[in-house]
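Q: I have a sequence and a model in front of me and would like to learn how to read them. Can we go through the features in turn?

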Amino acid sequence: MSVAKAGLHARRQSPGKSQDARGNDALHVVTTVQTLQTPVLVLNASYEPINICGARRALVLVLKGVARTEEEQGAELHSARVRMALPSVIRLLEYRRIPHQTRALSRKNILLRDRNSCQYCGVILPSAELTLDHVVPRSRGGLSTWENLVAACHSCNRRKGNHLLSEIDHMKLIREPRPFTLHTSRHIMRMIGHSDQKWRKYLYY
Ligand SMILES: [Zn+2]
């Protein structure tokens with residue numbers, strides 16, 4: 001079920017109307033399409049943080065009665081009949097067993113784990129300017145796993161090429177890439193939610 005099917009739709013901000021002009025009037029926050037993509041922290045019934053989803057998906061879970069809103073964003077979703085506060089944190093009503101190891105091994109998650117810094121020279125770059133390097137090259141049997149993939153700048157990636165680190169002078173990993181654990185999961189959620197104060201109490205303890 002989509003939000004649209006639930007009879008709700010976000011009001012678009014009218015063009016030419018700036019953020020400043022609207023001010024911070026909490027009673028009249030207009031939901032933008034972008035707001036529907038804001039990350040929402042998903043907690044298990046036990047309050048354990050388990051995932052992050054978009055606000056649209058979070059709203060659907062709340063509307064279906066699968067989850068309840070624990071923290072609000074401050075923005076609202078309007079329709080003719082319904083006015084709903086967009087969630088910042090939701091909690092599942094029924095406890096779910098979550099196999100953490102199944103979290104997607106993605107480029108985005110590897111870069112987040114490595115804090116967008118090249119693991120060979122330490123330079124911090126925007127995601128688009130970083131590559132993923134296989135520590136043990138694929139051509140030498142290296143696998144695409146959390147333990148064998150690291151963020152690398154183009155320059156270091158080129159220099160390393162199809163070599164093993166032991167074959168190159170003055171090149172080593174700043175930090176051994178760690179396998180995915182609950183710690184990695186929390187770290188990624190902190191990185192994504194670093195600007196949302198409402199997430200803090202659920203992620204730091
Ligand atoms: Zn580098």
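Q: What covers the buried residues of H2?
A: To see what covers a helix, list its buried residues and then look for what lies against them. In this predicted model, the buried residues of helix H2 (residues 55-63) are Ala 55, Arg 56, Ala 58, Leu 59, Leu 61 and Val 62. Their cover includes S1, S2, strand S3 (67-78) and strand S4 (83-92). Just after H2, Gly 65 has a positive phi of about 80 degrees.

Q: In what order do the strands of the open sheet lie?
A: Order in a sheet is read from which strand pairs with which. Here an open sheet of 4 strands has the order S2-S1-S4-S3, and its pairing is mixed. S2 and S3 are at the edges with a single partner strand each, so one side of each has no neighbour in the sheet. From one strand to the next, the twist averages 35 degrees. H2 packs on this sheet and touches S1, S2, S3 and S4, its direction making about 85 degrees with that of S4.

Q: How many bridges join S1 to S2, and which way do the strands run?
A: Count the bridges, then compare the directions. Strands S1 (residues 39-43) and S2 (residues 49-54) run antiparallel and are joined by 5 bridges. One pair to find on screen is Leu 43 with its bridge partner Pro 49 in S2. The hairpin of S1 and S2 has 5 residues between the strands, and there Tyr 47 takes a positive phi near 75 degrees.

Q: How many bridges join S3 to S4?
A: The reading is done in the same manner. S3 and S4 run antiparallel, with 8 bridges joining them. His 78 has Arg 83 as its bridge partner in S4.

Q: Which helix lies across S1 and S2?
A: For a helix against strands, note which strands it crosses and at what angle. Helix H5 (residues 182-192) lies across S1 and S2 and runs at about 40 degrees to S2.

Q: Which residues have the most contacts inside the largest nonpolar core?
A: The general idea is that in soluble globular proteins, nonpolar side chains tend to be buried together. In this structure the largest nonpolar core has 18 residues, and Val 40, Leu 41, Ala 58 and Ile 90 have the most contacts inside it. S1, H2, S3 and S4 each supply at least two residues of this core. H2 gives the most to the core, with 5 residues. A second, separate core of 11 residues includes Ile 110, Leu 149, Val 150 and Cys 156.

Q: With which residues is Leu 41 in contact, leaving aside its neighbours within four places in sequence?
A: Setting those neighbours aside leaves the contacts made by folding. For Leu 41 they are Pro 49, Ile 52, Val 89, Met 189, Gly 193, Trp 199 and Tyr 202.

Q: Why is Leu 92 called partly exposed?
A: The class comes from counting the other C-beta atoms around a residue, and 20 or more within 10 Å would make it buried. Leu 92 has 19 within 10 Å, so Leu 92 is partly exposed. Leu 92 is found in strand S4. Not counting residues up to four places away in sequence, Leu 92 touches Val 42, Leu 43, Asn 44, Ala 45, Val 66 and Ala 67. Leu 92 and Val 42 are 50 residues apart in sequence, yet 7.4 Å apart in space from C-alpha to C-alpha.

Q: Are the faces of S6 covered or open?
A: Take the residues of a strand by side and check each one. In strand S6 (residues 149-153), 5 of its 5 residues are buried. Leu 149, Ala 151 and Cys 153 are on one side, Val 150 and Ala 152 on the other, and both faces are covered. Strand S5 (residues 130-134) pairs with S6 in the antiparallel sense over 5 bridges, and Thr 131 stands opposite Ala 152.

Q: Where in the chain is confidence lowest, and where is it highest?
A: Where pLDDT is low, the predicted coordinates should not be read in detail. Confidence is lowest in helix H1 (residues 19-22), at a mean of 41, and highest in helix H4 (residues 154-160), at 97. Over residues 1-30, pLDDT stays under 50. The chain as a whole has a mean pLDDT of 79, with 78% of its residues at 70 or more.

Notes:
Residues numbered from 1 in each chain as written. Pairing = 2+ DSSP bridges. Buried ≥ 20, exposed ≤ 12 C-beta atoms within 10 Å, placed from the backbone. Contact = placed C-beta atoms within 7 Å. pLDDT = per-residue confidence, 0-100. Axes fitted to C-alpha atoms, helices over the stretch in contact; angles between N-to-C directions. Core = buried A, V, L, I, M, F, W, Y, C linked by C-beta atoms within 7 Å.
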